Amino acid sequence: MDMDFREMLPLLRQIRRELHQIPEIGLQEYQTSAYIRRKLAEFGITETEQWLDTGVVAVIHGKQDAPAVAFRADMDALPVTEQTGCTFVSRREGYMHACGHDGHMTILLGFAKYLQEHREDLRGDVVLIFQPAEEGPGGAKLLVEAGLFQKHPVRCIIGCHIFPQVPQGKVACRKGAMMARNGEVDVLLYGESAHGAQPQLGHDAVLAAGAVITGLHTILSRNVSPLDSGVLTFGKVQGGEACNIIAKEVKLEGTMRAFSDEAYETMTQRIQEMAEGIAAGYGCHAEVVFRHMYRVVDNDATLVKLLQEVAGADYMETPPYMLAEDFSLYLSEVPGMFFFLGSGNEARGYVHPLHSAQFQFEEAILCDGVRLYAALLEKLQQ
(Lines give C-alpha, C1' and ligand atoms only; values in the text may rest on other atoms or scores of the structure.)
Protein backbone atom coordinates (compact mmCIF):
# COMPACT_ATOMS: atom_id res chain seq x y z
CA MET A 1 0.00 0.00 0.00
CA ASP A 2 2.04 2.90 -1.32
CA MET A 3 -0.70 5.52 -1.69
CA ASP A 4 -0.31 8.85 0.07
CA PHE A 5 -3.73 9.26 1.62
CA ARG A 6 -3.07 12.92 2.32
CA GLU A 7 -3.82 13.50 -1.37
CA MET A 8 -7.45 12.74 -0.56
CA LEU A 9 -7.78 15.65 1.87
CA PRO A 10 -9.41 18.17 -0.52
CA LEU A 11 -12.09 15.64 -1.46
CA LEU A 12 -12.64 14.49 2.11
CA ARG A 13 -12.84 18.07 3.35
CA GLN A 14 -15.47 18.91 0.73
CA ILE A 15 -17.57 15.84 1.56
CA ARG A 16 -17.37 16.41 5.30
CA ARG A 17 -18.41 20.05 5.01
CA GLU A 18 -21.32 19.26 2.72
CA LEU A 19 -22.55 16.57 5.10
CA HIS A 20 -22.04 18.85 8.10
CA GLN A 21 -24.48 21.36 6.64
CA ILE A 22 -27.37 18.88 6.31
CA PRO A 23 -27.71 17.22 9.75
CA GLU A 24 -30.71 14.94 10.25
CA ILE A 25 -31.80 12.93 13.29
CA GLY A 26 -32.27 9.18 13.48
CA LEU A 27 -34.41 7.47 10.82
CA GLN A 28 -34.97 10.84 9.14
CA GLU A 29 -31.66 10.99 7.25
CA TYR A 30 -33.28 11.23 3.80
CA GLN A 31 -31.12 14.04 2.40
CA THR A 32 -28.00 12.45 3.89
CA SER A 33 -28.92 9.08 2.36
CA ALA A 34 -29.44 10.63 -1.07
CA TYR A 35 -26.08 12.39 -0.78
CA ILE A 36 -24.29 9.14 0.05
CA ARG A 37 -25.87 7.26 -2.85
CA ARG A 38 -24.99 10.10 -5.21
CA LYS A 39 -21.34 10.12 -4.11
CA LEU A 40 -21.05 6.34 -4.40
CA ALA A 41 -22.43 6.56 -7.95
CA GLU A 42 -19.88 9.28 -8.76
CA PHE A 43 -17.16 6.88 -7.62
CA GLY A 44 -18.54 4.17 -9.93
CA ILE A 45 -20.08 2.07 -7.15
CA THR A 46 -23.47 0.93 -8.42
CA GLU A 47 -24.34 -2.00 -6.16
CA THR A 48 -26.09 -0.15 -3.37
CA GLU A 49 -29.12 -1.07 -1.29
CA GLN A 50 -31.56 0.94 0.81
CA TRP A 51 -32.25 -0.36 4.31
CA LEU A 52 -34.64 1.09 6.92
CA ASP A 53 -35.64 3.80 4.41
CA THR A 54 -32.50 5.89 5.04
CA GLY A 55 -29.69 3.38 5.53
CA VAL A 56 -27.34 2.61 2.65
CA VAL A 57 -25.34 -0.59 2.15
CA ALA A 58 -22.79 -0.78 -0.68
CA VAL A 59 -20.96 -3.93 -1.78
CA ILE A 60 -17.62 -3.85 -3.58
CA HIS A 61 -16.78 -7.28 -4.95
CA GLY A 62 -13.36 -8.86 -4.75
CA LYS A 63 -11.95 -11.18 -7.37
CA GLN A 64 -11.88 -14.27 -5.15
CA ASP A 65 -14.41 -16.14 -3.08
CA ALA A 66 -12.91 -15.00 0.23
CA PRO A 67 -14.93 -14.10 3.36
CA ALA A 68 -16.37 -10.60 3.27
CA VAL A 69 -15.41 -7.81 5.67
CA ALA A 70 -17.80 -5.05 6.76
CA PHE A 71 -17.07 -1.44 7.71
CA ARG A 72 -19.67 0.83 9.31
CA ALA A 73 -20.34 4.56 9.63
CA ASP A 74 -23.24 6.14 11.52
CA MET A 75 -25.31 8.83 9.80
CA ASP A 76 -27.51 10.68 12.27
CA ALA A 77 -27.04 14.07 13.91
CA LEU A 78 -28.25 15.55 17.21
CA PRO A 79 -30.86 18.14 18.23
CA VAL A 80 -28.13 20.64 19.14
CA THR A 81 -27.87 24.29 18.07
CA GLU A 82 -24.38 24.73 16.61
CA GLN A 83 -21.98 27.23 18.20
CA THR A 84 -18.76 26.51 16.31
CA GLY A 85 -18.73 29.67 14.21
CA CYS A 86 -17.34 27.70 11.27
CA THR A 87 -17.97 28.76 7.68
CA PHE A 88 -19.85 25.53 6.89
CA VAL A 89 -22.25 25.76 9.82
CA SER A 90 -25.39 23.61 9.90
CA ARG A 91 -28.14 24.89 7.63
CA ARG A 92 -30.80 23.32 9.85
CA GLU A 93 -31.43 25.44 12.92
CA GLY A 94 -31.42 23.36 16.07
CA TYR A 95 -29.60 20.38 14.56
CA MET A 96 -25.89 19.63 14.34
CA HIS A 97 -23.38 16.88 13.64
CA ALA A 98 -22.04 17.25 17.17
CA CYS A 99 -20.77 13.67 17.50
CA GLY A 100 -18.51 13.33 14.48
CA HIS A 101 -20.86 11.26 12.35
CA ASP A 102 -20.25 13.58 9.39
CA GLY A 103 -16.59 12.58 9.71
CA HIS A 104 -17.40 8.87 9.98
CA MET A 105 -19.48 8.98 6.78
CA THR A 106 -16.71 10.91 5.04
CA ILE A 107 -14.11 8.32 6.02
CA LEU A 108 -16.27 5.50 4.69
CA LEU A 109 -16.97 7.35 1.46
CA GLY A 110 -13.26 8.03 1.01
CA PHE A 111 -12.57 4.36 1.70
CA ALA A 112 -15.23 3.41 -0.88
CA LYS A 113 -13.45 5.50 -3.50
CA TYR A 114 -10.12 3.92 -2.59
CA LEU A 115 -11.58 0.40 -2.87
CA GLN A 116 -13.20 1.13 -6.21
CA GLU A 117 -9.87 2.35 -7.58
CA HIS A 118 -8.06 -0.77 -6.26
CA ARG A 119 -10.64 -3.45 -7.01
CA GLU A 120 -8.00 -5.62 -8.64
CA ASP A 121 -6.31 -5.97 -5.25
CA LEU A 122 -9.44 -7.13 -3.43
CA ARG A 123 -9.66 -10.81 -2.61
CA GLY A 124 -13.07 -10.85 -0.94
CA ASP A 125 -16.10 -8.61 -0.89
CA VAL A 126 -16.22 -5.46 1.23
CA VAL A 127 -19.57 -4.40 2.67
CA LEU A 128 -19.91 -0.71 3.52
CA ILE A 129 -22.71 0.06 5.99
CA PHE A 130 -24.01 3.61 6.31
CA GLN A 131 -26.21 3.14 9.36
CA PRO A 132 -29.00 5.45 10.52
CA ALA A 133 -30.09 6.16 14.07
CA GLU A 134 -27.02 5.39 16.19
CA GLU A 135 -28.06 8.01 18.73
CA GLY A 136 -31.43 6.31 18.99
CA PRO A 137 -33.37 4.10 18.73
CA GLY A 138 -30.40 1.96 17.68
CA GLY A 139 -30.10 1.46 13.94
CA ALA A 140 -27.61 -1.39 14.32
CA LYS A 141 -30.20 -3.55 16.06
CA LEU A 142 -32.79 -2.67 13.43
CA LEU A 143 -30.43 -3.63 10.60
CA VAL A 144 -29.53 -6.94 12.26
CA GLU A 145 -33.21 -7.73 12.80
CA ALA A 146 -33.93 -6.82 9.17
CA GLY A 147 -31.50 -9.55 8.06
CA LEU A 148 -28.37 -7.61 7.17
CA PHE A 149 -25.96 -10.44 7.98
CA GLN A 150 -28.20 -13.06 6.41
CA LYS A 151 -28.01 -11.22 3.10
CA HIS A 152 -24.38 -10.21 3.55
CA PRO A 153 -22.48 -12.77 5.67
CA VAL A 154 -19.19 -11.25 6.88
CA ARG A 155 -16.21 -12.59 8.79
CA CYS A 156 -15.94 -9.43 10.88
CA ILE A 157 -17.04 -5.81 11.15
CA ILE A 158 -14.93 -2.70 11.86
CA GLY A 159 -15.89 0.82 12.88
CA CYS A 160 -14.31 3.91 14.39
CA HIS A 161 -15.31 7.04 16.28
CA ILE A 162 -13.67 10.44 16.20
CA PHE A 163 -12.79 11.09 19.85
CA PRO A 164 -11.56 14.35 21.44
CA GLN A 165 -10.29 12.64 24.59
CA VAL A 166 -7.58 10.98 22.50
CA PRO A 167 -4.85 13.28 21.11
CA GLN A 168 -4.97 14.05 17.40
CA GLY A 169 -2.70 11.68 15.52
CA LYS A 170 -3.25 8.83 17.96
CA VAL A 171 -5.43 5.74 17.60
CA ALA A 172 -6.90 4.18 20.73
CA CYS A 173 -8.45 0.80 21.35
CA ARG A 174 -8.39 -2.17 23.72
CA LYS A 175 -9.28 -5.82 23.48
CA GLY A 176 -12.39 -6.99 25.27
CA ALA A 177 -14.83 -4.60 26.92
CA MET A 178 -14.19 -1.03 25.79
CA MET A 179 -17.63 0.59 26.10
CA ALA A 180 -20.48 -0.23 28.43
CA ARG A 181 -23.80 -1.97 28.22
CA ASN A 182 -26.49 0.59 28.99
CA GLY A 183 -30.14 1.05 29.70
CA GLU A 184 -32.64 3.51 31.08
CA VAL A 185 -34.77 2.99 34.18
CA ASP A 186 -37.89 4.76 35.44
CA VAL A 187 -39.09 4.28 39.00
CA LEU A 188 -42.68 5.44 39.53
CA LEU A 189 -43.69 5.87 43.16
CA TYR A 190 -47.33 6.07 44.19
CA GLY A 191 -48.34 7.27 47.64
CA GLU A 192 -51.39 8.98 49.12
CA SER A 193 -51.97 12.71 49.18
CA ALA A 194 -52.68 14.69 52.35
CA HIS A 195 -52.25 18.19 53.74
CA GLY A 196 -48.63 19.01 54.54
CA ALA A 197 -49.72 19.90 58.09
CA GLN A 198 -51.19 16.42 58.59
CA PRO A 199 -48.57 14.06 57.10
CA GLN A 200 -49.84 11.13 59.17
CA LEU A 201 -52.91 10.99 56.94
CA GLY A 202 -50.94 10.32 53.76
CA HIS A 203 -48.04 8.34 52.38
CA ASP A 204 -45.28 10.62 51.12
CA ALA A 205 -43.98 9.66 47.67
CA VAL A 206 -41.25 12.33 47.86
CA LEU A 207 -39.87 10.86 51.08
CA ALA A 208 -40.01 7.39 49.54
CA ALA A 209 -38.25 8.67 46.42
CA GLY A 210 -35.35 10.03 48.48
CA ALA A 211 -34.98 6.71 50.25
CA VAL A 212 -35.17 4.81 46.96
CA ILE A 213 -32.44 6.93 45.37
CA THR A 214 -30.17 6.50 48.38
CA GLY A 215 -30.90 2.81 48.73
CA LEU A 216 -30.42 1.89 45.08
CA HIS A 217 -26.93 3.36 45.07
CA THR A 218 -25.85 0.71 47.56
CA ILE A 219 -26.33 -1.91 44.82
CA LEU A 220 -22.99 -0.96 43.29
CA SER A 221 -21.13 -1.26 46.59
CA ARG A 222 -22.90 -4.30 48.02
CA ASN A 223 -24.34 -6.41 45.18
CA VAL A 224 -21.90 -5.90 42.30
CA SER A 225 -18.44 -7.40 42.65
CA PRO A 226 -15.71 -4.88 43.53
CA LEU A 227 -13.86 -6.24 40.48
CA ASP A 228 -16.69 -5.12 38.18
CA SER A 229 -17.78 -1.59 37.33
CA GLY A 230 -21.21 -0.06 37.11
CA VAL A 231 -22.96 3.29 37.08
CA LEU A 232 -26.46 4.18 38.26
CA THR A 233 -27.51 7.80 37.89
CA PHE A 234 -30.92 9.35 38.42
CA GLY A 235 -30.78 12.61 36.52
CA LYS A 236 -34.44 13.60 36.59
CA VAL A 237 -37.01 13.71 39.40
CA GLN A 238 -40.60 14.83 38.90
CA GLY A 239 -43.35 14.91 41.50
CA GLY A 240 -45.54 16.79 43.87
CA GLU A 241 -48.30 19.36 43.49
CA ALA A 242 -47.52 22.12 45.98
CA CYS A 243 -45.17 22.87 48.84
CA ASN A 244 -47.84 22.14 51.46
CA ILE A 245 -49.24 18.91 50.00
CA ILE A 246 -47.94 15.40 50.67
CA ALA A 247 -46.98 14.17 47.21
CA LYS A 248 -48.89 11.18 45.88
CA GLU A 249 -46.72 10.55 42.81
CA VAL A 250 -43.02 10.88 41.98
CA LYS A 251 -41.17 9.71 38.89
CA LEU A 252 -37.43 9.03 38.87
CA GLU A 253 -35.60 8.73 35.53
CA GLY A 254 -32.11 7.28 35.38
CA THR A 255 -29.41 5.59 33.37
CA MET A 256 -27.59 2.35 34.23
CA ARG A 257 -24.36 1.03 32.75
CA ALA A 258 -21.93 -1.85 33.29
CA PHE A 259 -19.03 -3.56 31.55
CA SER A 260 -20.39 -7.08 31.97
CA ASP A 261 -23.76 -8.71 31.40
CA GLU A 262 -23.56 -10.29 34.85
CA ALA A 263 -23.16 -6.94 36.60
CA TYR A 264 -25.87 -5.35 34.48
CA GLU A 265 -28.35 -8.14 35.18
CA THR A 266 -27.57 -7.99 38.91
CA MET A 267 -28.29 -4.27 38.85
CA THR A 268 -31.56 -4.86 37.01
CA GLN A 269 -32.76 -7.48 39.48
CA ARG A 270 -31.80 -5.52 42.59
CA ILE A 271 -33.26 -2.22 41.35
CA GLN A 272 -36.59 -3.98 40.91
CA GLU A 273 -36.48 -5.68 44.32
CA MET A 274 -35.17 -2.74 46.32
CA ALA A 275 -37.40 -0.08 44.76
CA GLU A 276 -40.48 -2.14 45.57
CA GLY A 277 -39.29 -3.00 49.08
CA ILE A 278 -38.19 0.49 50.07
CA ALA A 279 -41.39 2.04 48.70
CA ALA A 280 -43.48 -0.45 50.67
CA GLY A 281 -41.65 0.56 53.84
CA TYR A 282 -42.97 4.10 53.35
CA GLY A 283 -46.51 2.94 52.64
CA CYS A 284 -46.06 3.52 48.90
CA HIS A 285 -46.13 1.38 45.79
CA ALA A 286 -43.32 1.29 43.18
CA GLU A 287 -43.39 0.37 39.53
CA VAL A 288 -40.07 -0.08 37.72
CA VAL A 289 -39.74 0.23 33.94
CA PHE A 290 -36.51 -0.72 32.13
CA ARG A 291 -35.48 0.16 28.59
CA HIS A 292 -32.50 -2.04 27.79
CA MET A 293 -30.47 -0.44 25.02
CA TYR A 294 -26.94 -1.26 23.82
CA ARG A 295 -24.63 -4.13 24.70
CA VAL A 296 -20.97 -4.11 25.74
CA VAL A 297 -18.56 -3.11 22.96
CA ASP A 298 -16.38 -6.23 23.20
CA ASN A 299 -13.45 -5.99 20.81
CA ASP A 300 -11.96 -9.06 19.15
CA ALA A 301 -8.37 -9.51 20.36
CA THR A 302 -7.04 -10.56 16.94
CA LEU A 303 -8.43 -7.46 15.25
CA VAL A 304 -7.03 -5.21 17.98
CA LYS A 305 -3.60 -6.74 17.41
CA LEU A 306 -3.89 -5.93 13.69
CA LEU A 307 -4.77 -2.34 14.54
CA GLN A 308 -1.69 -2.11 16.76
CA GLU A 309 0.44 -3.34 13.86
CA VAL A 310 -0.91 -0.89 11.29
CA ALA A 311 -0.99 2.11 13.66
CA GLY A 312 2.51 1.48 15.01
CA ALA A 313 3.77 4.19 17.36
CA ASP A 314 0.46 6.05 17.00
CA TYR A 315 -1.40 3.29 18.84
CA MET A 316 -2.36 3.72 22.48
CA GLU A 317 -4.48 1.56 24.74
CA THR A 318 -7.61 3.34 25.86
CA PRO A 319 -9.17 2.87 29.26
CA PRO A 320 -12.72 1.52 29.11
CA TYR A 321 -15.47 4.15 28.95
CA MET A 322 -18.97 4.03 30.42
CA LEU A 323 -20.20 5.56 27.17
CA ALA A 324 -22.42 3.30 25.06
CA GLU A 325 -22.46 2.60 21.33
CA ASP A 326 -24.91 0.62 19.23
CA PHE A 327 -22.03 -0.87 17.22
CA SER A 328 -22.15 -3.40 20.06
CA LEU A 329 -25.29 -4.93 18.53
CA TYR A 330 -23.25 -6.03 15.51
CA LEU A 331 -20.75 -7.65 17.86
CA SER A 332 -23.52 -9.84 19.22
CA GLU A 333 -23.65 -11.40 15.74
CA VAL A 334 -20.10 -11.34 14.33
CA PRO A 335 -16.57 -10.62 15.63
CA GLY A 336 -15.52 -7.03 15.30
CA MET A 337 -13.57 -4.03 16.51
CA PHE A 338 -14.43 -0.44 17.31
CA PHE A 339 -11.63 2.07 17.81
CA PHE A 340 -11.15 5.75 18.63
CA LEU A 341 -9.60 8.13 16.11
CA GLY A 342 -7.99 10.89 18.15
CA SER A 343 -9.12 14.47 17.51
CA GLY A 344 -7.99 16.29 20.66
CA ASN A 345 -6.01 19.38 19.64
CA GLU A 346 -5.52 22.08 22.28
CA ALA A 347 -3.65 24.39 19.90
CA ARG A 348 -6.68 24.55 17.62
CA GLY A 349 -9.17 24.58 20.49
CA TYR A 350 -10.60 21.20 19.48
CA VAL A 351 -11.12 20.01 23.03
CA HIS A 352 -14.90 20.16 23.35
CA PRO A 353 -16.55 16.83 24.16
CA LEU A 354 -18.86 14.79 21.99
CA HIS A 355 -22.39 16.22 21.83
CA SER A 356 -21.10 19.72 22.59
CA ALA A 357 -22.46 22.58 20.46
CA GLN A 358 -18.80 23.58 19.95
CA PHE A 359 -17.49 20.16 18.91
CA GLN A 360 -15.04 20.36 16.00
CA PHE A 361 -12.03 18.45 14.65
CA GLU A 362 -9.10 18.89 12.29
CA GLU A 363 -10.14 17.40 8.93
CA ALA A 364 -6.69 15.93 8.26
CA ILE A 365 -7.66 13.06 10.58
CA LEU A 366 -10.13 11.90 7.94
CA CYS A 367 -7.16 10.84 5.80
CA ASP A 368 -5.89 8.81 8.77
CA GLY A 369 -9.24 7.08 9.03
CA VAL A 370 -9.21 6.01 5.39
CA ARG A 371 -5.58 4.90 5.67
CA LEU A 372 -6.29 2.76 8.72
CA TYR A 373 -9.29 1.08 7.08
CA ALA A 374 -7.21 0.32 3.99
CA ALA A 375 -4.32 -1.05 6.05
CA LEU A 376 -6.61 -3.21 8.19
CA LEU A 377 -8.28 -4.67 5.12
CA GLU A 378 -4.89 -5.41 3.57
CA LYS A 379 -3.88 -7.30 6.73
CA LEU A 380 -7.14 -9.24 6.76
CA GLN A 381 -6.66 -10.31 3.15
CA GLN A 382 -3.14 -11.66 3.61
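A salt bridge is a side-chain nitrogen of Lys or Arg within 4 Å of a carboxyl oxygen of Asp or Glu. The exercises below apply this to a predicted model.

**Exercise 1.** Decide why Arg270 and Glu273 count as a salt bridge, and place the pair in the fold.

*Solution.*
Step 1. Take the distance: the side chains of Arg270 and Glu273 meet at 2.7 Å, N to O.
Step 2. Apply the cut-off: the pair counts because its N and O atoms lie within 4 Å.
Step 3. Locate the residues. Both lie in helix H8, three residues apart, which is about one turn of the helix.
Step 4. Check exposure. Arg270 has a relative accessible area of 25% and is partly exposed. Glu273, at 35%, is also partly exposed.

**Exercise 2.** Work out which elements the salt bridge between Arg181 and Asp261 links, and classify each residue as buried, partly exposed or exposed.

*Solution.*
Step 1. The closest N and O atoms of Arg181 and Asp261 are 3.0 Å apart.
Step 2. This pair links distant parts of the chain: Arg181 sits in strand S8 (residues 181-190), Asp261 in helix H8 (residues 261-281). They are 80 residues apart.
Step 3. Arg181 has a relative accessible area of 8%; buried means under 20%, so Arg181 is buried.
Step 4. Asp261 comes out at 30% relative accessibility and counts as partly exposed.

**Exercise 3.** Find the salt-bridge partner of Glu317 and say where each residue lies.

*Solution.*
Step 1. The partner is Arg174, with the closest N and O atoms 3.6 Å apart.
Step 2. Glu317 belongs to strand S15 (residues 315-317). Arg174 is in the loop between strand S6 (171-173) and strand S7 (176-179).
Step 3. The two residues are 143 residues apart, so the pair links distant parts of the chain.
Step 4. Glu317 is exposed because its relative accessibility, 55%, is over 50%.

**Exercise 4.** State how many salt bridges the whole structure holds.

*Solution.*
Step 1. A search of the whole structure finds 24.
Step 2. The pairs treated above, including Arg270 with Glu273, meet the definition.

**Exercise 5.** Place Gln200 in the fold, then decide whether Gln200 is buried or exposed.

*Solution.*
Step 1. Gln200 is found in the loop between strand S9 (194-195) and helix H6 (205-216).
Step 2. Its relative accessible area is 60%, so Gln200 is exposed.
Step 3. Add a distance. The C-alpha atoms of Gln200 and Ile246 are separated by 9.7 Å, with their positions 46 residues apart along the chain.

Note on methods: Residues numbered from 1 in each chain as written. Predicted model: local features only at pLDDT ≥ 70, side-chain atom pairs only at ≥ 80, totals over all residues. Heavy atoms only, no water. Helix = DSSP H or I, 4+ residues; strand = E, 2+ residues; numbered from the N terminus. Buried < 20%, exposed > 50% of the residue type's maximum accessible area, 1.4 Å probe, protein only.
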